[in-house]
Amino acid sequence: MSSIDWGQCRIDPVSSLLKFHTTASVLRLDLLHPVISGNKWFKLQNYLKEALASGKTTLLSFGGAFSNHIVATAAAAKQAGLKSIGIIRGEQGSFPSHTLEAARSYGMFIYFSDRADYRSKKLPPAVLKEHDPLAIYTIGEGGYGLPGAHGAEAILQQGDTSIYTHILAAVGTGTTLAGLIRASSSAQAVTGISVLKNNRSLTAEINELLPENRQDGFALLHDFHFGGYARYNEELIRFMNQWYESTGIPSDFVYTAKLFYAASHLSAQGYFPPQSKLLLIHSGGLQGNLTLPKGKLIF
Ligand SMILES: *Cc1c(COP(=O)(O)O)cnc(C)c1O
C-alpha cells in the first residue's frame with residue numbers, strides 16, 4: 001500500500017486571467033505531491049518496474065543537492081518497498097538542503113562525491129562497502145533514458161489533452177519532452193523551453209528517445225533560461241508573483257516559471273496562431289523554491 005499521500009491532477013484554464021492571445025491551460029502535475037516533482041514521478045515508473053523485475057532491492061541515482069530527481073527517486077523507492085541511494089555532486093554543505101532532508105525522510109542513503117568522481121559516475125567506496133552491489137539498480141542522472149520517456153507518455157493521459165494544438169513544457173534532460181512528443185498526436189505541436197544555457201546537444205538527445213517518424217518534429221527554445229540552470233533575476237521573481245496573483249498557480253524558479261514566462265511572452269508577441277489552444281505542463285518542482293531567500297515570493 002502507498003505510504004505517500006497523493007493528490008489529483010487537473011487542467012486549469014488560465015487565458016482569461018492573463019494577456020494571452022490564445023486559449024491556454026495548465027496541466028497541474030504539481031498537485032500530485034508537494035515535494036515529489038510531477039514529471040519525475042512519471043519518468044521513474046518504468047525504471048521501478050525494471051528494478052523489481054530483475055530482483056534488485058536498491059535504487060541508486062545521481063544528482064545535485066537540490067535535485068528534484070533525487071527526492072522523487074527516494075519516494076518512488078519507498079513506495080515500492082525498495083532501498084535507495086543518492087550520490088550527490090560536491091562536498092557536503094554545512095547545512096543539509098531541504099531536498100536532501102526530504103530524500104532522507106523517505107529513507108534514502110546519501111553519499112557525497114567530489115566533482116571529478118561524480119563526473120565519471122564512480123561510486124564512493126563506502127557505497128560498495130555498505131550495500132550489496134549486485135542488488136543495486138542504477139538510474140542515470142536526471143532519469144534520462146527511454147524507460148523514462150515511456151513513463152512520461154502517461155502525463156498526457158491525466159486529462160482530455162487531445163483538444164490542444166500546442167503542448168509546452170520546461171526541459172532539462174529532455175526525457176519528459178520526449179514522452180510528450182511520443183504521446184501527442186502528429187497534429188499537436190510540442191515545444192520545449194530549455195532551462196539550461198546553450199544546451200545544443202539537446203535536440204540530438206531527445207531524438208535518441210524518439211521513433212524515426214517523430215524525430216526533429218518538435219521545437220526547442222533556448223532564450224528563456226535567465227542566465228542558466230537555477231539562475232534567476234528580479235524580473236522572473238516579479239513574473240512568478242504576478243502569475244500567481246492572476247491564476248492562483250504557484251511556479252518554481254528553476255523550471256516552470258521559465259515555461260510560463262516563455263509561453264505568456266510568446267503569446268503576447270503573436271508567436272502562436274490565433275486559434276491555438278495551448279497546454280502548459282506544470283511539471284511540479286515547487287520544493288526548489290525553498291532555496292530562494294525568504295520573502296521573495298508571495299506564495
Ligand atoms: C526535472 C524537471 C524538469 C525537466 O525534466 P526533463 O525530463 O529532465 O527534461 C521539468 N520540470 C521540473 C519541475 C523538473 O523537476
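User: Which residues are closest to the ligand, and how many surround it?
Analyst: The ligand has 16 residues around it, and the closest are Lys40, Asn68, Thr173, Thr176 and Ser283. Near means that one of a residue's heavy atoms lies within 4 Å. Keep in mind that this is a predicted model: local features need pLDDT of at least 70, side-chain atom pairs count only at pLDDT 80 or more, and totals for chains, interfaces and linings use all residues. Residues are numbered from 1 along each chain as its sequence is written, and side-chain values use heavy atoms, with hydrogens and water left out.

User: What about polar contacts, say for Asn68?
Analyst: Asn68 has a polar side-chain atom 2.7 Å from an oxygen atom of the ligand. For Lys43, a polar side-chain atom lies 2.7 Å from a ligand oxygen atom. Gly174 comes in through the backbone, with a polar atom there 2.8 Å from an oxygen atom of the ligand. A polar contact here is a pair of N or O atoms within 3.5 Å.

User: Switching to H7: why is that helix called largely enclosed?
Analyst: Seven of the nine residues of H7 (residues 175-183) are buried, so the rest of the structure largely encloses it. Buried is under 20% relative accessible area, exposed is over 50% and partly exposed is in between, with a 1.4 Å probe and protein chains only. Helices are DSSP runs of H or I with at least four residues, strands are E runs of at least two, and both are numbered from the N terminus.

User: Which ones are buried in H7?
Analyst: Thr175, Thr176, Leu177, Ala178, Gly179, Leu180 and Ile181.

User: Which residues touch the most other members of the largest nonpolar core?
Analyst: Leu59, Ile155, Leu177, Leu180, Ile206 and Ile281 do, out of 51 residues in that core. Helix H2 (residues 68-80) gives the most to this core, seven residues. A nonpolar core is a set of buried Ala, Val, Leu, Ile, Met, Phe, Trp, Tyr and Cys residues joined through side-chain atoms within 4.5 Å.

User: And S3, how is it paired with S4?
Analyst: S3 and S4 (residues 83-89) run parallel and are joined by six bridges; Gly63 has Ile88 as its bridge partner in S4. The chain goes from S3 through H2 to S4 in a right-handed β-α-β crossover, meaning the path runs clockwise from the first strand over the helix to the second when the strands point away from the viewer. Strands pair if DSSP finds at least two bridges between them.

User: Is S3 covered or exposed?
Analyst: S3 (residues 58-63) is mostly covered, with six of its six residues buried.

Notes. Polar contact = N/O pair within 3.5 Å; in protein donor to acceptor, adjacent residues only side chain to side chain.
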